[in-house]
Amino acid sequence: MTTTDSQTHAISQNPFTGERIGEYPFDTTLALEAAVSQGSASFKQWRKTDVAQRAMLLANLAAELRSASEDIARMITLEMGKPVKQARAEVEKSAALCEWYAKNGPAMLAPEPTMVDNGEAHIHYRPSGMILAIMPWNFPVWQILRGAVPALLAGNTFLLKPAPNVMGTTYLVNQASLKAGFPAGAFGVINVGTPAVAELIADPRVVGVTVTGSVRAGAAIAELAGKSLKKCVLELGGSDPFIVLNDANLDEAVKAAVAGRYQNTGQVCAAAKRFIVEDGVLDAFTAKFVAATQALVTGDPLDDTTYIGPMARYDLRDELDKQVQDTLAEGATLLLGGEKIAGNGNFYAPTILSNVTPEMTAFRQELFGPVAAITVARDADHAVELANDSDFGLSATLFTADLMRAEQMTNELETGGVFINGYSASDPRVAFGGVKKSGYGRELSHFGLREFCNVQTVWSNRK
């Protein structure tokens, strides 16, 4: 949980105990100018660094993250409530990201020869400059490095504005980058309020913006970037469909449904939220899903046995509860949970709603917490129709034994990713991003590596 004191600093509080974790004054105008100037100046040298050297520093960063894993994981848990076992997994995944780009990234930046008349041409991937990153709190290491690692490898510098309730985690990651050997200014951190963001985007030393956040925030930042002709990558909200057809392996589907909905206490953009189940297996799937959800352990996030921790912010819990109550008032059926858990900690009971129809709140809005909404589909075509009936288009899951039909259905699903017989995930080997109000641009893979590159054509004519 985060509160602000007269808009001068952020106070981070443990959402489980209410204990104050840290107090971080907003950067002064002078400090902010120094950070921007340092990032801009660092770019002039960093871009000249050999890509192999940059890759070596990424490998060093992986080692530093693993060395500090327990401290970083504990800070994640204290600041935003992620169960510590999941926090450790996030740190490890981030280290693996660094290693993957260190090994595979340089080849993706190599010049590409192209045949032209009367000469030869090469496509070069040149760095662009300093990238401003506005990042959320729900994956406070992975989200940062998912943007920073490819940007840095490409020769750009990275100026990070993290969410205020995970400043402690951010500083630990920044310390790891310095220990790994990255020069000062290559990976900078700023702590500023919203008004300063507009000034940063307009600053000519900032050449692009990457944002992970809400639709509202993304639209506002894209408008500001558009006025200054700055490129954006936007990873925004999601209300991912999880389709279960009559021929699906229900045990596997339920296992994926639980992980896809309740990991990180349901606070994930690319997560199963709308469960669209074909009529023939509706009852069987629902019964298994409810039983598996009831078995999840809710409690102290520092306990390795805990799967559901407290939600990160009290205002988000209140918003989620209103969405649940509105949906019930609209005619949905409550199968499990549906309430704030009384006592210490910002907990919301793992919840399952059934008989949810497209006009209801839980179908139309993103549920950013441990709540699942089940909708019945007449058949596979109807399931696709329901899946696409959303303003969002981040990812989709499809469970069926008929892989040929699954491949055909992917052509019709309006999402950035489709996961067949497995739940949504991000991985450096594949592109990540969405369509519609889930944003635009791509992270990860070679797509993310080149997003903030100047794709430069060099054409030499023969004499």
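Me: Why does Arg88 count as partly exposed?

Reply: Good place to start! In this predicted model, Arg88 has 25% relative accessibility. Buried means under 20% and exposed means over 50%, with partly exposed in between, so Arg88 counts as partly exposed.

Me: What makes Asp304 and Arg88 a salt bridge?

Reply: Their closest N and O atoms are 3.1 Å apart. The cut-off is within 4 Å, for a side-chain nitrogen of Lys or Arg and a carboxyl oxygen of Asp or Glu, so the pair qualifies. Asp304 lies in the loop between helix 10 and helix 11, and Arg88 in helix 4, so the pair ties together parts that are 216 residues apart in sequence.

Me: How do you know that Arg405 and Asp247 meet in a salt bridge?

Reply: Use that cut-off again: N to O is 3.5 Å here, and a salt bridge needs within 4 Å. Arg405 lies in helix 14 and Asp247 in the loop between strand 11 and helix 9, so this pair ties together parts that are 158 residues apart in sequence.

Me: Why is Cys269 called buried?

Reply: Its relative accessible area is 9%, and buried means under 20%. Cys453 is buried too, with a value of 10%.

Me: Why does the sulfur of Cys269 form no bond with the closest cysteine sulfur?

Reply: That closest sulfur, in Cys232, is 16 Å away, whereas a disulfide needs two cysteine sulfur atoms within 2.5 Å. The sulfur of Cys453 is 17 Å from its closest cysteine sulfur, also in Cys232, so that is too far for a bond as well. The structure holds zero disulfides.

Methods. Residues are numbered from 1 along each chain as its sequence is written. This is a predicted model: local features need pLDDT of at least 70, side-chain atom pairs count only at pLDDT 80 or more; totals for chains, interfaces and linings use all residues. Side-chain values use heavy atoms; hydrogens and water are left out. Buried means under 20% relative accessible area, exposed over 50%, partly exposed in between (1.4 Å probe, protein chains only). Helices (H or I, at least four residues) and strands (E, at least two) are DSSP runs, numbered from the N terminus.
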